[in-house]
Structure formats: C-alpha cells, structure tokens
Amino acid sequence: MNKVIEVTCLDLWYGRNQALKNINCSLPENEITALIGPSGCGKSTFLKTLNRMNDLVPGVRISGEVLYRGKDIYAPGTDVTKLRKEIGMVFQKANLFPMSIYDNIAYGPRIHGVRSKVELDGIVEQSLRDAAIWEEVKDRLKTNALGLSGGQQQRLCIARALAVHPDILLMDESTSALDPISTGKIEELALTLKKTYTVVMVTHNMQQAVRISDWCAFFLLGDLIEFDRSETIFSMPGDKRTEDYITGRFG
Ligand SMILES: Nc1ncnc2c1ncn2[C@@H]1O[C@H](COP(=O)(O)OP(=O)(O)OP(=O)(O)O)[C@@H](O)[C@H]1O
Ligand SMILES: [Mg+2]
C-alpha cells in the first residue's frame with residue numbers, strides 16, 4: 001500500500017498550549033482515513049497541519065515532519081498555494097462565495113491560470129458530475145450558489161475542491177450540519193472519490209466512520225492513541241481508551 005502522507009514526531013503548540021503531541025502515522029493512498037476523538041482532542045488541528053492551514057493562525061509553532069509524497073511540506077521554499085491545490089479541504093459549514101454556481105467552481109482553476117471558456121466549461125461540468133450534483137444544478141449554473149440547500153451547498157464545496165484536481169481531500173465534519181439523506185449522498189460520494197483521491201475525514205459520527213472509512217485514527221488530548229484498520233478499531237481496539245470512546249463511555 002502506498003503511503004501518500006507520512007507524519008513523524010509532529011508537535012504543535014498554540015502559544016503555550018500543546019495541541020498535538022508526538023504524532024506518528026502514515027496515510028494510505030486511495031483510501032478513506034477517519035479521524036475520531038472527543039471535542040478539543042486535536043482532530044481539526046491535525047487535519048490542517050496536512051495542508052498548512054495552521055500557518056494562518058498567529059502564535060502557532062510546529063515541529064516534526066510531514067512528508068507529502070516524500071517531500072517535507074514544512075521545508076523552506078515550499079509553495080504553499082500549490083500544496084493547497086494538491087491537498088484540498090472541505091469544512092464543516094459550506095463556505096461558498098456569494099457568486100454564481102459556475103463562478104464558485106471556476107474560481108480555483110481561474111486562479112491557477114485557466115482562461116479558455118471551453119476548458120472552464122468542461123472543468124465545471126466534470127467537477128459537478130464528480131460531486132454528484134450536476135443533474136440538480138445544470139440548468140441554473142448562473143444563479144447564486146447561496147440559493148441552494150445546505151446539502152447541495154456542501155456538495156458544491158466538494159465540487160469546488162475537486163475543480164483544481166487535488167490529490168488528497170481533507171474533510172472536517174463535512175456532514176455534521178446535514179440531514180440523513182444529504183449525509184448519505186456525501187458518504188456515497190466519498191466512497192466513489194477514493195477511487196481517484198485519498199480522503200481524510202474528521203467525524204463525530206461513529207456509524208459514519210464504520211460505514212465508510214478504511215483506516216481510523218483515535219485522538220485524545222493531543223495524543224494519537226491508536227491508528228489501525230477501521231474494522232480493527234471498531235471490533236477489537238488495542239487500547240482501553242479507544243474502546244471506552246467508541247462504545248460511548250465518554251466524549
Ligand atoms: N486557533 C487556535 N488558537 C488557539 N488554540 C486553538 C486554536 N484552534 C484550536 N485550539 C485548541 O487546540 C486544541 C485542539 O483543537 P481542535 O480544534 O483541533 O480540536 P477538535 O478535535 O477538532 O475538536 P472538535 O471536535 O470540537 O472540532 C483545543 O484545546 C483547542 O482549544
Ligand atoms: Mg474540529
């Protein structure tokens with residue numbers, strides 16, 4: 001199995017508060033890794049270290065190594081814009097721009113230099129198809145994206161992330177604000193996407209982690225307690241704390 005991300009001795013501090021403690025793990029290509037653990041344990045922080053989104057937080061300090069396809073993403077001279085194109089992110093709440101559906105999707109490709117209308121049309125259609133929302137929006141591409149339902153907006157955010165052809169998709173509780181039907185659509189989508197992309201998703205929903213993840217990482221107070229195949233984590237976890245969490249004894 002190919003490791004697309006390798007994390008070694010990763011520590012992260014927000015000021016004096018250490019949010020990640022000596023994290024070591026590798027994320028496999030074309031599989032879904034779920035990050036689970038109680039609120040405040042460092043899931044989002046860890047996810048954001050993978051495409052350097054924490055760089056934007058004042059007072060943050062990071063040590064250790066994150067290799068993306070063998071290259072240290074924290075090395076001086078790293079092109080962070082390019083990194084975030086390769087490693088895209090979808091957040092808990094849809095964060096579309098107040099512009100048309102078409103322009104939301106075309107935004108990233110335009111920034112990366114795509115000018116041809118024919119090419120942009122192609123990218124927009126393909127991204128919307130890949131995010132399983134093309135049929136619902138193809139007749140209103142020029143209307144404001146904020147007029148869509150929550151579930152549609154979230155799939156549009158996924159389409160926007162896909163439009164720049166990323167390699168890895170990071171998802172931070174991307175279904176937590178959605179109804180079961182929209183959630184199901186996004187879960188199905190994630191299962192399809194992993195054929196082409198590597199997916200890393202934070203979830204508070206244990207059933208969701210069981211349903212769709214191949215690997216699972218359990219965090220507690222900044223420590224990575226256990227990282228294993230999801231079937232192992234959810235049937236015979238190696239650590240008592242993992243067991244207590246997944247059986248709902250705390251968190
Ligand atoms: N921008 C920030 N500045 C300072 N401290 C932060 C910042 N973001 C997170 N933290 C702290 O780092 C720790 C980990 O937070 P993080 O958001 O990664 O947790 P989480 O596991 O994603 O929690 P949740 O499930 O509630 O989203 C917490 O103690 C949090 O208060
Ligand atoms: Mg979080």
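The legends below describe several views of one predicted model.

**View 1. The whole chain, with its 10 helices and 10 strands.** The C-alpha atoms of this predicted chain fill a box of roughly 55 × 45 × 35 Å along the principal axes. A compact globule of 251 residues would have a radius of gyration near 18 Å, and because the chain has 18 Å, the two values agree. Of the 251 residues, 52% count as buried. Among the contacts that link residues at least 6 apart in sequence, 67% join residues at least 24 apart.

**View 2. The largest nonpolar core, which holds 37 residues.** The members that touch the most other members of this core are I101, L128, L156, I158, L169 and M171. At least two residues each are supplied by α3 (101-111), α4 (117-130), α5 (134-137), α6 (150-162), β7 (168-172), α7 (180-193) and β8 (198-202). The largest share of the core, six residues, comes from α6.

**View 3. The surroundings of L156, and a second core elsewhere in the chain.** When residues up to four places away in sequence are not counted, L156 touches L96, I101, I105, L128, I133, A145 and L148. A second, separate core consists of 29 residues, and L20, Y68, I73 and F219 are among them.

**View 4. N22, a residue other than glycine with a positive phi.** Most residues other than glycine have a negative phi. The phi of N22, by contrast, is near 50 degrees, and this residue lies in strand β2, which spans residues 17-28. N22 counts as partly exposed because its relative accessibility is 45%, a value between the limits of 20% and 50%.

**View 5. E173, in the loop between β7 and α7.** Although E173 is not a glycine, its phi is positive, at about 50 degrees. The relative accessibility of E173 is 15%, so this residue counts as buried, the cut-off being under 20%.

**View 6. The cavity lined in part by E173.** A search of the whole structure finds one cavity of 30 Å³ or more, and the largest cavity has a volume of about 30 Å³. Its lining is formed by M171, E173, S174, T175, I186, M201, V202 and Q208. These lining residues divide into four nonpolar, three polar and one charged. M171, which belongs to this lining, is also one of the residues that touch the most other members of the largest nonpolar core.

Terms used: Residues numbered from 1 in each chain as written. Chains lettered and ligands numbered in written order. Predicted model: local features only at pLDDT ≥ 70, side-chain atom pairs only at ≥ 80, totals over all residues. Heavy atoms only, no water. Core = buried A, V, L, I, M, F, W, Y, C linked by side-chain atoms within 4.5 Å. Buried < 20%, exposed > 50% of the residue type's maximum accessible area, 1.4 Å probe, protein only. Helix = DSSP H or I, 4+ residues; strand = E, 2+ residues; numbered from the N terminus. Contact = heavy atoms within 4.5 Å. 1 Å grid on protein atoms, 1.4 Å probe; cavity = no way out; pocket = protein on both sides within 12 Å on 5 of 7 lines; lining within 4 Å. Points joined across faces, edges and corners; volume = space filled by probe spheres on them. Nonpolar A, V, L, I, M, F, W, Y, C, P; charged D, E, K, R; others polar. Rg over C-alpha atoms; globule rule 2.2 N^0.38 Å.
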